[in-house]
Amino acid sequence: MNTTATLSRIFSGIQPELDQVDALFQERATSGLAILNSASMHALASPGKRLRTALTLLAGKLNHYDFGKLLQLSVAFEMVHLATLIHDDIIDEAATRRGNPTVNALWGDKIAILLGDYYLAKTSGLIAEIENPRIDRLFADTVATVCEGTILEMMTSGRADLTVETYFEKINNKTACLIAACSKGGAILSDATDEQIALLHSYGLNLGIAFQIIDDILDYTEDQSTIGKPAGNDLRQGMVTLPLIYALQGASQNGHQQQVQTLLNSDEHNEKDILEVVDWVTHSYGVEQSLQEAHDYANKAREALHHFPASPDRDVLDELIDFVISRRR
C-alpha cells in the first residue's frame, strides 16, 4: 500500500482546504530567529499524514461546515502533534524519525525543547483567536492528557510485566486523545448537538486506539524499508507494547520472559537477541490477538459514525477506518 497516494485519494474532496491549513501552519510556524526558524522549517519538511487536519474538517462537514472556524483549529492541533513528536524524540534520544534526522539530532536537545514549546505557545494563540470556551477547555485538557500519557509511558518503560490495562491507559492518553480531540473539536465548531459531539469523540478515540495498536504491530512485522525504522525498535527503547504483552501471556514462552526482561534492562542490545524476540512475537498469539483488538476498536469507531446520516463525508470517515487497519507504515 502506498500510504501517501491512498490518503491523497481519500482526502481529495478536501484537498483545497488541506492546502490552506498547510499555508497557515507555515505562516504561524515562521520565526524571526534564524536558528529557531531553521529548526522549524526542518520539522515541517515531513508534514506527516495530515490525519488530524482531515478529521477536524470532516467532522465539521457532518454538521454545519464553517471552514473559517475550523482552519485555525486544524492548524492548532497539527502544531500540538508536531510539538509532541519533537519532545518524544528528545525523551527517546532518537536520531531519526521515519528515516530523517530529528531536530534534537541536528540542533541538540535544548533547541528541540524550545521549538516544541514554541509550537505550543503558537497553538495557544490560535486557540485564543477562536474565542470558544469549549475549545479552550478541550485544548487544555488534551495537552494535559497527552503529558500524562507520556509520563506513564516513561514510568512503565522496561516493564516486562506491563498489563494490558496499563497499555490501553497509556495509548488512550498519549495518542488516541489527540485524535479524539480533533473530531470532537470539529463537531463543536460546526454547532453539533451534545449527542453528535459525544459520538464524534467516540469515533476519534476508537480510531486513535486502533491506529496505535496497528503502529505497535508494524514495529514487529515490518522493517526499515516500510516504516523507516528497524523491526523491534520499541523493544530497543524499552517499550513494551500490546503484541509483546500478549505474547508473554501465551502458554508457550520457551524462556522468552527472561530474555525479554534482560533486553529491557540492558543498555547495550544484542541484535541477535532482539531479532529472535521479534520473530517469536511475530509468529505468536501476540500479533494475532493485537490485530483482533485493533479491529474491535475500528468497529466501535464505525458504530459511532453510523449514527450520522449517510453522506459522502461520512463515507470518507468510514474509509479512513479501513485505511488505519490495513496500512503497512
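**Entry 1: helix 13**

I started with helix 13 and found Leu242, Pro243, Leu244, Ile245, Tyr246, Ala247 and Leu248 buried. A reminder to myself: this is a predicted model. Seven of the eight residues of helix 13 (residues 242-249) are buried, so I noted this helix as largely enclosed by the rest of the structure. What does the covering of its buried residues include? I listed helix 9 (164-188), helix 10 (194-221), helix 12 (233-236), helix 14 (256-265), helix 15 (271-282) and helix 16 (285-305).

**Entry 2: helix 9 against helix 13**

Next I picked one of those neighbours, helix 9. Its axis and that of helix 13 lie 10 Å apart, and the two helices pack at an angle of about 175°. Angles over 145 degrees count as roughly antiparallel, so helix 9 is roughly antiparallel to helix 13. On the helix 9 side I wrote down Val164, Tyr167 and Phe168; they meet Leu242, Ile245, Tyr246 and Gln249 of helix 13. Sorted by class, this contact holds six nonpolar residues, one polar and no charged ones.

**Entry 3: helix 10 against helix 17**

Then I turned to helix 10, which also helps cover helix 13, and looked at how it meets helix 17 (residues 312-326). Their axes come within 9 Å and cross at roughly 20°. That makes helix 10 roughly parallel to helix 17. The crossing of helix 10 past helix 17 is left-handed. From helix 10, I noted Tyr203, Leu207, Ala210, Phe211 and Ile214; their partners in helix 17 are Leu317, Leu320, Ile321, Val324 and Ile325. By class, I have 10 nonpolar residues here, with no polar and no charged ones.

**Entry 4: aromatic rings**

How many aromatic pairs does a search of the whole structure find? I got five. One of them joins tyrosine 118 and tyrosine 119: the ring centres are 6.1 Å apart and the planes stand at 50°, so I logged the pair as tilted. Are these two tyrosines buried or exposed? Tyrosine 118 counts as buried at 16% relative accessibility, and tyrosine 119 is buried at 0%. Ring pairs also bring in Phe25, which forms a cluster with Tyr118 and Tyr119.

I then looked up phenylalanine 168 and tyrosine 297, a tilted pair with 5.4 Å centre to centre and 35° between the planes. Phenylalanine 168 sits in helix 9 and tyrosine 297 in helix 16, so this pair ties together parts 129 residues apart in sequence. Phenylalanine 168 is buried, with a relative accessible area of 10%, and tyrosine 297 counts as buried at 14%. I had already met Phe168 in the contact of helix 9 with helix 13.

Terms used: Residues are numbered from 1 along each chain as its sequence is written. This is a predicted model: local features need pLDDT of at least 70, side-chain atom pairs count only at pLDDT 80 or more; totals for chains, interfaces and linings use all residues. Side-chain values use heavy atoms; hydrogens and water are left out. Buried means under 20% relative accessible area, exposed over 50%, partly exposed in between (1.4 Å probe, protein chains only). Helices (H or I, at least four residues) and strands (E, at least two) are DSSP runs, numbered from the N terminus. Contact means heavy atoms within 4.5 Å. Axes are lines fitted to C-alpha atoms, for helices over the stretch in contact, and angles run from 0 to 180 degrees between N-to-C directions. Angles under 35 degrees count as roughly parallel, over 145 as roughly antiparallel, 65 to 115 as roughly perpendicular and the rest as oblique. Ala, Val, Leu, Ile, Met, Phe, Trp, Tyr, Cys and Pro count as nonpolar, Asp, Glu, Lys and Arg as charged, and the others, Gly among them, as polar. A crossing is left-handed if the near helix is turned anticlockwise from the far one by less than a right angle, and right-handed if clockwise. Rings of Phe, Tyr and Trp (its six-membered ring) pair if their centres lie within 6.5 Å; planes under 30 degrees apart count as stacked, over 60 as edge-to-face and the rest as tilted.
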